[in-house]
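Trainee: Could you take me closely through one part of this model, staying with what can be computed from the atoms? I would like one connected account rather than a list.

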Amino acid sequence: MINDEFIKAPGSLFDAKETLVDLGLPPLNNIRNLEIARKRVCADNLDDQVYGFMSLWSLASLGNRDAMTLYAAAIERHVEETIMPEAQATHFHAVASNWRRIIAMTVDVDVVMNGARSETGSEPEAEPTQTFGAMDAPVPRRDGFVVLASIGDALSQEGRSLSTRFSSILRKPVPRRGLTPCEGAVAEAIAARYPWASQAAEIIERSFAIIRGTQSDRSYAKPLMFVGEKGTGKTSLAIFVAELLGRHWIRLPAAGTSDSATLGATPRGWANFRTSLPAQAMLESQSCDPCVIVDELDKASRIGSQNGSVMGALMGMLDIPSQYYDTALMANIDLSHTLFMATANRIDTIAEELLDRFTVVPIARPGPEHFDTIIASLRSKTAERLGVDEFALPSFDEIETEALRSFFSTNRGSLRALSDAFEVSLRSAFDRQRSMPVM
């Protein structure tokens, strides 16, 4: 039975950080600590569960809303699964309800829980939200980078329209959103979610080591191409990396695309002219360093096709990215901060001159040893998609788990096939749960 001391109301920042240190974790509110806490609290071992409860409490007390949600759900699950006096169960339910009230509040969580105030008594200025890693103590950083210095033919009707639309980033420093995670953070996060993609983690870590060593104020922007068979998780890995690095991302499905307009700009003079996808991403995110993910690049039309091609447009962007000419803006726009990623099943259909501009990262099929990690990830993603706690999803019994494991091996480690089978098993688990007699 879990002791009362692990189920409690919010604590101070000092107590929360001290608890994380005692648990052997860095005293940070970050995704690495949250993933460790989430895994431990769902474990079968009691010591691991206690560790998970303490970690979630610490992160929740530091203001992590995801940790608050998981902590409240863990308390409620504990009450359901444990025999205890009614008074104790009522107390624990009240603690969980208190955490849920805090989650629902729109005011600043740190202020509510820790009473933080400036010396003048006013609300402290909010710091930028950082959900992953820790920023190294950097050199004095710029406010941002000017990515668009002008609009061509600015006095024309189209030029005036574009000048108004892009006024927020025109001739102004545009801030970056990308993070510089602490050493080893990216590798650890990828190992926890995509352990079969260790080569991607090594390449990204190597580039960050150079950025940290030179104390550059830029964030990671080296083009990556994930190459592997169907169902190896290439697309979800690319999105995961973009989110780890704090980037606003946009995904372009390139399969079957027969022209360049989806990625590149449509020139002025056309009734439906539009700017390039990276320019739109900068405008939408108000950042100079969005991430553009070109999915299934190998299935797009090749360079030299009659109506242009995604490959050709991408080639132009990666040639001299700091001086990319956008034909709708009729001006150069700086794409050197933009992170380009692509996925492909094969590389022999991709133009060699384009391939040379990417770091090609082979993604192997996951093996049987990765089954438990994948199931945990599918459970987390399903709960997130449904907008519910993970604990709202039923656990699989031994028969359901072994059936999934066997199916995974039979389908040669296909994540796509396992995802479909997971949903079938989940429905079966719900049916089993409903058929159980009510005590």
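Mentor: Let us begin with the buried residues of helix α12, which are V310, M311, A313, L314, M315, M317 and L318. Please keep in mind throughout that this is a predicted model. The helix spans residues 310-319 and is mostly covered, with seven of its ten residues buried. Those buried residues pack against a varied set of elements, namely the strands β4 (249-253), β5 (291-295), β6 (324-326) and β8 (339-344), together with the helices α11 (277-285) and α13 (352-355).

Of these partners, β5 deserves a closer look. Five of the five residues of β5 are buried, so the strand is largely enclosed by the rest of the structure. In a regular strand the side chains alternate between the two faces of the sheet. In β5, C291, I293 and D295 point one way while V292 and V294 point the other way, and all of them are buried. The strand has β4 as one pairing partner, to which it runs parallel and is joined by five bridges, and within that pairing P253 has D295 as its bridge partner. It also pairs with β8, again in the parallel sense, over four bridges, and here the bridge partner of I293 is M341.

V294, which sits in strand β5, ties these pieces together. At 1% relative accessibility V294 counts as buried, because the cut-off for that class is under 20%. Leaving out residues up to four places away in sequence, V294 touches L252, A254, V310, L314, M341, A342 and T343; V310 and L314 in that list are among the buried residues of α12. The C-alpha atoms of V294 and F340 are separated by 7.7 Å, although the two residues are 46 apart along the chain.

The loop between β5 and α12 contains E296, whose phi is near 55 degrees, a positive value in a residue other than glycine. Most residues other than glycine have a negative phi. E296 is partly exposed, with a relative accessible area of 30%. M330, which lies in the loop between β6 and β7 (331-333), likewise has a phi near 55 degrees, a positive value in a residue other than glycine, and at 32% relative accessibility M330 counts as partly exposed.

For a helix-to-helix contact, turn to α15 (residues 398-410) and α16 (residues 415-435), which pack at an angle of about 165 degrees with their axes 10 Å apart. The two helices are therefore roughly antiparallel to each other, and their crossing is right-handed. On the α15 side the contact involves E400, L404, F407 and F408, which meet A417, L418, A421, F422, S425, S428, A429 and R432 in α16. By class, this contact has eight nonpolar, two polar and two charged residues.

Within that contact, S425 is a residue of helix α16 and is buried, with a relative accessible area of 13%. Apart from its neighbours within four places in sequence, S425 is in contact with F396, E400 and L404, and E400 and L404 are among the α15 residues that meet α16.

Methods
Residues are numbered from 1 along each chain as its sequence is written. This is a predicted model: local features need pLDDT of at least 70, side-chain atom pairs count only at pLDDT 80 or more; totals for chains, interfaces and linings use all residues. Side-chain values use heavy atoms; hydrogens and water are left out. Buried means under 20% relative accessible area, exposed over 50%, partly exposed in between (1.4 Å probe, protein chains only). Contact means heavy atoms within 4.5 Å. Axes are lines fitted to C-alpha atoms, for helices over the stretch in contact, and angles run from 0 to 180 degrees between N-to-C directions. Angles under 35 degrees count as roughly parallel, over 145 as roughly antiparallel, 65 to 115 as roughly perpendicular and the rest as oblique. A crossing is left-handed if the near helix is turned anticlockwise from the far one by less than a right angle, and right-handed if clockwise. Ala, Val, Leu, Ile, Met, Phe, Trp, Tyr, Cys and Pro count as nonpolar, Asp, Glu, Lys and Arg as charged, and the others, Gly among them, as polar. Two strands pair if DSSP finds at least two bridges between them.
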